[in-house]
Amino acid sequence: MSTPSQEQARPPLVEVRDLVKHFPIREGIVIQRQVGAVQAVDGVSFDVLEGETLGLVGESGCGKSTTARLITRLLDPTSGSIRYRGTDIATMSRRQLKPLRREMQMIFQDPYSSLNPRKTVGTIIGEPFVIHGVEKDDKRRKARVQGLMETVGLNPEHYNRLPHEFSGGQRQRIGVARAIALEPKLIVADEPVSALDVSIQAQVLNLLRDLQREMGLTIIFIAHDLSVVRHMCDRVAVMYLGKVVELATSEQLYSNPQHPYTGALLSAVPVPDPILAAAKTRQVLTGDVPSPTNPPRACRFHTRCPKAVAGTCDVTEPLLEPKERGGEAACHFPLSSSEVAEAVPTAR
Ligand code: SF4
């Protein structure tokens with residue numbers, strides 16, 4: 001991880017502005033009328049700086065995975081811009097995108113379902129070379145694939161094995177090898193360790209961190225669990241119901257959160273120290289996440305927020321803006337120092 005001053009000096013690799021993705025809901029068998037829309041991502045803006053790891057965090061359905069798929073253009077945005085190295089790729093055609101696909105790769109949550117069970121690991125890892133016509137000579141391709149297997153900690157002699165012959169952690173390493181095959185600039189890792197045992201999670205996270213350092217990768221790391229992101233990310237964007245509600249360096253976010261939603265997420269993270277754990281007040285969020293087809297107006301968190309003020313939070317939408325204690329948050333009444341101390345006693 002790098003320091004905030006290093007981050008400020010870095011240029012953005014990706015600039016996302018007012019990104020929107022609404023999935024239409026249609027009714028009718030013959031004439032399908034649009035009767036509504038799932039507002040999966042609704043006006044999201046942030047930069048991803050070169051060489052950093054940016055965490056996108058939030059509960060299931062907050063729009064983090066959709067945002068990732070929009071950035072890699074696996075999905076088409078409804079509106080907004082995605083500038084990649086200065087060029088807006090939001091409206092590029094599949095053909096225009098093809099050369100850029102080499103530079104942006106995804107690692108998926110479930111390593112098993114993202115690997116074709118009938119193909120050997122050698123074929124799976126070598127696929128990007130074939131698709132992009134990079135290494136046409138079979139022998140040389142095999143050598144490169146085996147080199148990649150070694151890089152990610154797999155035995156190159158297992159080149160001809162099928163995915164089911166590997167453990168969950170090894171399968172995720174296969175996914176990582178495939179993702180780095182073409183030496184991309186950007187990796188989007190969508191909950192890459194959520195399906196793995198805790199003991200294996202750290203190994204895969206360490207691998208990603210080592211690769212980032214060695215290859216100068218920029219990583220967007222998606223997780224629903226703030227504890228996983230902590231040691232992995234330089235900065236973290238917290239999402240709630242299709243919006244970014246807080247964006248800060250990891251250090252700032254974990255020691256001094258501003259948004260009540262971030263405070264609630266952090267208060268739920270287990271603390272190993274029993275004294276600190278006893279000092280911590282868990283902020284239990286009441287109610288379920290509202291439906292993204294009909295989200296609450298103004299601040300979308302107001303229906304669950306312990307600090308909501310009627311007449312303000314349900315009337316005026318808070319904008320994501322810099323706050324006095326650092327970082328950016330979208331909240332009219334950010335957490336006070338004493339509220340932070342209750343939610344995150346490790347900060348004191
Ligand atoms: Fe809570 Fe109001 Fe802040 Fe929204 S704007 S997070 S409802 S205090």
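How much accessible surface does the protein have, and what percentage of it belongs to carbon and sulfur atoms? The accessible surface comes to about 16500 Å², and 50% of that belongs to carbon and sulfur atoms. Before I go on, please keep in mind that what we are looking at is a predicted model, and that the values I quote are computed from it.

Let me begin with the overall fold. The protein has 12 helices and 12 strands. Its radius of gyration is 21 Å, close to the 20 Å that the globule rule gives for 348 residues, and therefore the protein is as compact as a globular protein of that length. If you follow the C-alpha trace along its principal axes, you will find that it spans about 70 × 60 × 40 Å.

Turning to the interior, buried residues account for 48% of the 348 residues in the protein. As for how the chain meets itself, if we take the contacts between residues at least 6 apart in sequence, 64% of them join residues at least 24 apart. On the charges, there are 42 positive and 39 negative ones, and the mean positions of these two sets lie 6 Å apart.

Now to the cysteines. How many disulfides does a search of the whole structure find? The search finds 0. Two cysteines that I would like to point out are Cys-305, which is buried because its relative accessible area of 15% falls under the 20% limit, and Cys-331, which at 11% relative accessibility likewise counts as buried.

Next, a residue within a helix. Thr-66 belongs to helix α2, which covers residues 64–71. Is Thr-66 buried or exposed? With a relative accessible area of 14%, Thr-66 is buried. If we leave aside the neighbours of Thr-66 within four places in sequence, the residues in contact with it are Lys-21, Phe-23, Ala-40, Val-41 and Leu-75.

Finally, let me take you to a loop residue. Where does Val-315 lie? Val-315 sits in the loop that runs between α11 (274–279) and β11 (321–322). Val-315 has a relative accessibility of 52%, and because exposed means over 50%, this valine counts as exposed. Along the chain, Val-315 and His-302 are 13 residues apart, and their C-alpha atoms are separated by 9.9 Å.

To set the two residues side by side in closing, Thr-66 in helix α2 is buried at 14%, whereas Val-315, in its loop, is exposed at 52%.

Definitions and conventions. Residues numbered from 1 in each chain as written. Predicted model: local features only at pLDDT ≥ 70, side-chain atom pairs only at ≥ 80, totals over all residues. Heavy atoms only, no water. Helix = DSSP H or I, 4+ residues; strand = E, 2+ residues; numbered from the N terminus. Buried < 20%, exposed > 50% of the residue type's maximum accessible area, 1.4 Å probe, protein only. Rg over C-alpha atoms; globule rule 2.2 N^0.38 Å. Contact = heavy atoms within 4.5 Å. Areas by Shrake-Rupley, 256 points an atom, 1.4 Å probe, with all protein chains shown as cover. Lys, Arg positive; Asp, Glu negative; His and termini not counted. Charge placed at Lys NZ, Arg CZ, Asp CG, Glu CD. Disulfide = S-S within 2.5 Å.
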